Amino acid sequence: MNAIVLDIGTYQAKAGYAGEDAPKFSCPTQLGVAGSGKASKDAMDIDQRQFKAGIGALETAMDGMEVVSPFKDGVLDDWEAVEALCEHLLKSQMRLNTEEHAMMLAEPSHNTDSAREKMVELMFENYNVPAVFLAKNAVLSSFAMGKPTSLVVDMGHESTVGACLPGYR
């Protein structure tokens with residue numbers, strides 16, 4: 001059972017297998033959304049809002065489509081959009097049976113408890129994953145460089161965050 005790593009950033013969302021050098025798939029975090037209508041093969045119809053995910057879907061014009069981000073102030077806020085984004089990455093792109101893979105979620109250092117709980121709830125209830133592990137982006141960056149102690153400056157699309165990771169004792 002390979003664990004899946006899911007990193008939803010304010011600019012780009014990435015998904016892949018743990019232990020590999022790079023993500024398998026990435027797409028813009030922004031989604032196209034229309035109030036209602038027939039869903040195309042690139043769209044997911046969730047609660048009367050039709051979402052289009054992925055760079056190819058966003059390049060195709062659709063009457064009444066608006067481009068939205070699931071983030072508000074750097075924290076996931078629009079959970080219908082998050083669900084559509086996860087559906088696109090995990091089901092459409094990776095074609096996973098999520099019930100067979102543990103999930104590691106990368107999260108911003110300033111993530112709220114409610115956003116963390118909602119994301120874990122989404123993984124367990126919608127995707128039936130057997131296990132979820134949450135890791136701060138700064139910790140993942142440090143470990144990727146083989147350093148248990150570091151100063152990480154994470155310059156992202158919407159914010160810059162600094163984190164000091166003390167060594168283990």
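## A tour in seven stops

Start by selecting Asp-73: with a relative accessible area of 69%, this residue is exposed. For burial, the cut-offs are under 20% relative accessible area for buried, over 50% for exposed, and partly exposed in between, using a 1.4 Å probe and protein chains only. Asp-73 sits in the loop that links strand E8 (71-72) to strand E9 (75-76). Helices (H or I, at least four residues) and strands (E, at least two) are DSSP runs, numbered from the N terminus. Look at the backbone here too: the phi of Asp-73 is near 55 degrees, a positive value in a residue other than glycine.

Before moving on, please note that this is a predicted model, in which local features need pLDDT of at least 70 and side-chain atom pairs count only at pLDDT 80 or more, while totals for chains, interfaces and linings use all residues. Residues are numbered from 1 along each chain as its sequence is written, and side-chain values use heavy atoms, with hydrogens and water left out.

**The whole chain**

Now zoom out. The chain holds four helices and 13 strands. It has 169 residues, of which 41% count as buried. About 9,600 Å² is exposed, and carbon and sulfur atoms supply 50% of that area; accessible areas come from the Shrake-Rupley method with a 1.4 Å probe, and for residues only the protein chains shown count as cover. Take the contacts (heavy atoms within 4.5 Å) between residues at least 6 apart in sequence: 55% of them join residues at least 24 apart.

**The E12-E13 hairpin**

Select residues 150-165 next. Strand E12 (residues 150-155) and strand E13 (residues 160-165) pair in the antiparallel sense over six bridges; for two strands to count as paired, DSSP must find at least two bridges between them. Together E12 and E13 make a hairpin, with four residues between them. Near one end of the pairing, pick out Met-155, which stands opposite Thr-160 in E13.

Which residues form a nonpolar patch on the surface? Highlight Leu-151, Val-153 and Met-155: together they have about 370 Å² of accessible area. Patches are built from residues with over 30% relative accessible area and no salt bridge; like charges are joined within 9 Å, and nonpolar side chains (Val, Leu, Ile, Met, Phe, Trp, Tyr) within 5 Å. Leu-151, in E12, counts as exposed because its relative accessibility is 65%. As background, side chains in a regular strand alternate between the two faces of the sheet.

**Ser-109**

From the hairpin, move to Ser-109, in the loop between strand E10 (103-107) and helix H3 (113-127). Turn on Asp-154 as well: the two are 45 residues apart in sequence, yet 9.5 Å apart in space, C-alpha to C-alpha. Leaving aside neighbours within four places in sequence, Ser-109 is in contact with Lys-136, Ala-138 and Val-161. Its relative accessibility of 32% makes Ser-109 partly exposed.

**Gln-30**

Next comes Gln-30, in the loop between strand E3 (25-28) and strand E4 (31-34). Where does its side chain reach? Draw a distance to the backbone oxygen of Thr-10, and you should find 3.2 Å. Beyond four places in sequence, the contacts of Gln-30 include Tyr-11, Leu-58 and Val-67.

**Salt bridges**

Side chains of opposite charge can pair when their charged atoms come close. The structure holds eight salt bridges, each defined as a side-chain nitrogen of Lys or Arg within 4 Å of a carboxyl oxygen of Asp or Glu.

Select Arg-49 and Glu-80, whose side chains meet in one of these at 2.7 Å, N to O. Arg-49 is in strand E6 (residues 49-52) and Glu-80 in helix H2 (residues 79-93), so this pair ties together parts 31 residues apart in sequence. Both ends are partly exposed: Arg-49 at 25% relative accessibility, Glu-80 at 22%.

Now try Arg-116 and Glu-107, with their closest N and O atoms 3.1 Å apart. Are they buried or exposed? Both Arg-116 and Glu-107 are buried.

In helix H3, Glu-121 and Lys-118 lie three residues apart, about one turn of the helix. Before leaving this region, show Glu-107, Asp-113, Arg-116 and Lys-136 together: salt bridges that share partners join them into one network.

**Last stop: Asn-128**

Finish at Asn-128, in the loop between H3 and strand E11 (132-136). Asn-128 is not a glycine, but its phi is positive, about 50 degrees. At 40% relative accessibility, Asn-128 counts as partly exposed.

Note on methods. Polar contact = N/O pair within 3.5 Å; in protein donor to acceptor, adjacent residues only side chain to side chain.
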